[in-house]
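Hi,

Here is the structure I promised to pass on. Have a look at it first, and my notes on what turned up follow underneath.

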Amino acid sequence: MRKVDVGDYVYGFDSYGNLHEGKVRLTETCEGVTFVRFGHYSVLREDTVFLSKEECMANHIKNFEEQVKKYMQGINSVEDLVRFGYNNNISLAEEYTDWEAREAYKRKAEELLGVDVNE
């Protein structure tokens, strides 16, 4: 695991998918988990912040694709697709949108039905 120090400039995504960056002001460990305070208001786990924007973006894309793949594995029929859309927030709902679920739905709609939902 990487170690970040006070004064390092770091990058990380919050749970809403927003990229944050800034200088580390403080690190705190609570119950074995180290949190990093950086920028104006950002507080993330140390294992989710990166010293370069490129590494941060690559990790974010990797995690996104892994979650999309996981969702897609559970959608094997049109019925599964309908249930998935009903049970996951795939609509454009700002911070409430599950972007990984939306992407999985889009890919499966094209695969199962030949429908491009972006048209």
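**S42 and its neighbours**

Leaving out residues up to four places away in sequence, S42 touches H20, V36 and R37. Before I go further, please keep in mind that this is a predicted model. S42 sits in strand β4, and its relative accessibility is 9%, so it counts as buried, the cut-off being under 20%. One of those neighbours is also a polar partner: the side chains of S42 and H20 are joined by a polar contact of 3.2 Å.

For contrast, take a look at H40. Is H40 buried or exposed? At 70% relative accessibility H40 counts as exposed, because the cut-off for that is over 50%. You'll find H40 in the loop between β3 (33-38) and β4 (42-45). If you want a sense of scale, H40 and M57 are 17 residues apart along the chain, and their C-alpha atoms are separated by 20 Å.

**How the helices pack**

Now for the helices, starting with α1 and α3. Helix α1 covers residues 53-73 and helix α3 covers residues 99-113; their axes come within 8 Å and cross at roughly 50°. That angle is neither under 35 nor in the range 65 to 115, so α1 and α3 are oblique to each other. The crossing of α1 past α3 is right-handed.

Which residues make this contact? On the α1 side they are F64, E65, Q67, V68, Y71 and M72. On the α3 side they are W99, E100, A101, E103, A104, R107, K108 and E111. Sorted by type, the residues of the contact of α1 with α3 come out as 7 nonpolar, 1 polar and 6 charged.

Then there is α2 (78-87), which also packs on α3. Here the angle is about 155° and the axes are 10 Å apart. With the cut-off for roughly antiparallel being over 145 degrees, α2 is therefore roughly antiparallel to α3. The crossing of α2 past α3 is left-handed.

The α2 residues in this contact are V78, L81, F84 and G85. From α3 come A101, A104, Y105, K108, A109, L112 and L113. This time the residues of the contact of α2 with α3 divide into 9 nonpolar, 1 polar and 1 charged.

If you click through the two lists, A101, A104 and K108 of α3 turn up in the contact with α1 and again in the contact with α2.

**Around V78 and Q73**

V78 belongs to helix α2. At 37% relative accessibility V78 counts as partly exposed, because that value falls between the 20% and 50% cut-offs. Setting aside neighbours within four places in sequence, V78 is in contact with L112 and L113. The C-alpha atoms of V78 and K108 are separated by 8.9 Å, with the two positions 30 residues apart in numbering.

K108 comes up again with Q73, a residue of helix α1. Q73 and K108 are 35 residues apart in sequence, and 9.8 Å apart in space from C-alpha to C-alpha. Q73 counts as exposed, at 53% relative accessibility.

**The loop between α2 and α3**

Two residues in this loop are worth a click: T97 and E94. T97 has a relative accessibility of 7% and counts as buried. What does the side chain of T97 reach? The backbone oxygen of S91, at 2.9 Å. Not counting residues up to four places away in sequence, T97 touches N89, S91, L92 and R102.

E94, by comparison, is exposed, with a relative accessible area of 65%. E94 also has a positive phi of about 50° although it is not a glycine.

**One more positive phi**

E31 is in a similar position as far as the backbone goes: its phi is positive too, at about 50°, and E31 is not a glycine. E31 lies in the loop between β2 (19-30) and β3, and it is exposed, with a relative accessible area of 80%.

That's the lot from my side. Shout if anything is unclear.

Cheers

Key: Residues are numbered from 1 along each chain as its sequence is written. Side-chain values use heavy atoms; hydrogens and water are left out. Axes are lines fitted to C-alpha atoms, for helices over the stretch in contact, and angles run from 0 to 180 degrees between N-to-C directions. Helices (H or I, at least four residues) and strands (E, at least two) are DSSP runs, numbered from the N terminus. A crossing is left-handed if the near helix is turned anticlockwise from the far one by less than a right angle, and right-handed if clockwise. Contact means heavy atoms within 4.5 Å. Ala, Val, Leu, Ile, Met, Phe, Trp, Tyr, Cys and Pro count as nonpolar, Asp, Glu, Lys and Arg as charged, and the others, Gly among them, as polar. Buried means under 20% relative accessible area, exposed over 50%, partly exposed in between (1.4 Å probe, protein chains only). A polar contact is a pair of N or O atoms within 3.5 Å; within protein, one must be able to donate a hydrogen and the other to accept it, and residues adjacent in sequence count only if both atoms are side-chain atoms.
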